[in-house]
Amino acid sequence: MDESRRDRDAEGRARNARPRDGLGRPLPYGTPGVERQPEGVVRSPDETVREAQRLLDAGMPFHAHEVFEDAWKSGPEAERELWRGLAQMAVGLTHSARGNAAGGARLLRRGAAAVAGFRDAEPYGIGVDGLVAWARELAGRVDPAGPEPGAADTGAGDAGAGGVRVVDAAAEAPRLRSGGRAGA
């Protein structure tokens with residue numbers, strides 16, 4: 001491929017066609033990668049939760065964020081903050097698994113704050129309290145500045161290069177629905 005030209009989709013919009021790994025990191029052209037999530041898919045809320053949970057369980061939070069992003073962009077205005085917050089949490093897990101602890105913790109906390117507004121409703125069986133607790137706890141473990149005030153620091157997480165904590169995305173995947181795995 002001519003590296004001076006930008007990748008474009010069928011409509012001529014710029015799109016990066018480089019293959020990606022399971023955490024969404026670009027790989028060199030010609031390298032086998034993980035199939036990307038199609039963009040702009042309109043799913044029911046239940047389908048969104050099931051597909052995102054499948055991707056989270058597979059250690060692919062970057063791809064789960066794309067599923068949430070589709071719901072955020074296509075869903076009713078009243079639910080956009082829910083889906084946006086879930087997408088932010090998935091990206092926070094992605095960054096934490098990539099070793100970007102500060103960015104990961106920031107997005108986990110931002111997503112938790114967005115989703116917390118849905119505590120009373122628990123829409124579509126989404127366990128809001130559990131997700132908020134999960135995101136804040138993980139942010140506290142991976143944040144190089146330390147846990148949030150009042151949060152317990154379990155000390156878990158592997159230190160990567162330079163002492164940065166890296167987490168296993170599949171092992172840290174949250175349960176989206178109350179009472180267990182989605183679709184179970």
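# Exercises on a Predicted Model

Glu-51 and Arg-54 both belong to helix 1, three residues apart, about one turn of the helix. The exercises below concern a predicted model.

## Exercise 1. A pair within helix 1

Determine how the side chains of Glu-51 and Arg-54 interact, and classify the accessibility of Arg-54.

*Solution.* Step 1: the two residues are three places apart in helix 1. Step 2: an α-helix has 3.6 residues a turn, so residues three or four places apart point the same way. Step 3: the side chains of Glu-51 and Arg-54 form a salt bridge, at 2.7 Å from N to O. The cut-off for a salt bridge is 4 Å. Step 4: Arg-54 has a relative accessibility of 45% and therefore counts as partly exposed, since that class lies between 20% and 50%.

## Exercise 2. The span and burial of helix 2

Compare the expected span of helix 2 (residues 61-74) with the distance between its end C-alpha atoms, then state how many of its residues are buried.

*Solution.* Step 1: helix 2 has 14 residues, and at 1.5 Å a residue it should span 20 Å. The expected span uses one less than the number of residues. Step 2: the end C-alpha atoms of helix 2 are 20 Å apart, which agrees with the expectation. Step 3: helix 2 is mostly covered, with 10 of its 14 residues buried. Among them are Phe-62, His-63, His-65, Val-67 and Phe-68, together with the acidic residues Glu-66 and Asp-70. Step 4: the cover over the buried residues of helix 2 includes helix 1 (45-57) and helix 3 (80-98).

## Exercise 3. Salt bridges of Arg-80 and Arg-84

Identify the salt-bridge partners of Arg-80 and Arg-84, and assign an accessibility class to the residues of each pair.

*Solution.* Step 1: Arg-80 pairs with Glu-77, and the closest N and O atoms are 2.8 Å apart. Step 2: Glu-77, at 59% relative accessibility, counts as exposed, whereas Arg-80, at 28%, counts as partly exposed. Step 3: Arg-84 meets Glu-81 in a salt bridge of 2.5 Å, N to O. Step 4: Arg-84 and Glu-81 both lie in helix 3, three residues apart, about one turn of the helix. Step 5: Arg-84 has a relative accessibility of 23% and is partly exposed; Glu-81, at 33%, is also partly exposed. Elsewhere, salt bridges with shared partners link Glu-137, Arg-141 and Glu-172 into one network. The whole structure contains 12 salt bridges.

## Exercise 4. The surroundings of Arg-177

Decide whether Arg-177 is buried or exposed, and find what its side chain reaches.

*Solution.* Step 1: Arg-177 is located in the segment after strand 2 (165-166). Step 2: its relative accessible area is 16%, and the cut-off for burial is under 20%, so Arg-177 is buried. Step 3: the side chain of Arg-177 makes a polar contact of 2.7 Å with the side chain of Asp-46. Step 4: the side chain of Arg-177 also reaches the backbone oxygen of Tyr-124, at 2.9 Å.

## Exercise 5. The position of Gly-33

Locate Gly-33, and state which residues it touches beyond four places away in sequence.

*Solution.* Step 1: Gly-33 lies in the segment before helix 1. Step 2: with a relative accessible area of 45%, Gly-33 is partly exposed. Step 3: setting aside residues up to four places away in sequence, Gly-33 touches Pro-19, Arg-20 and Leu-27. Step 4: Gly-33 and Arg-18 are 15 residues apart in sequence, and their C-alpha atoms are 8.6 Å apart in space.

How values were computed
Residues are numbered from 1 along each chain as its sequence is written. This is a predicted model: local features need pLDDT of at least 70, side-chain atom pairs count only at pLDDT 80 or more; totals for chains, interfaces and linings use all residues. Side-chain values use heavy atoms; hydrogens and water are left out. Helices (H or I, at least four residues) and strands (E, at least two) are DSSP runs, numbered from the N terminus. Buried means under 20% relative accessible area, exposed over 50%, partly exposed in between (1.4 Å probe, protein chains only). Contact means heavy atoms within 4.5 Å. A polar contact is a pair of N or O atoms within 3.5 Å; within protein, one must be able to donate a hydrogen and the other to accept it, and residues adjacent in sequence count only if both atoms are side-chain atoms.
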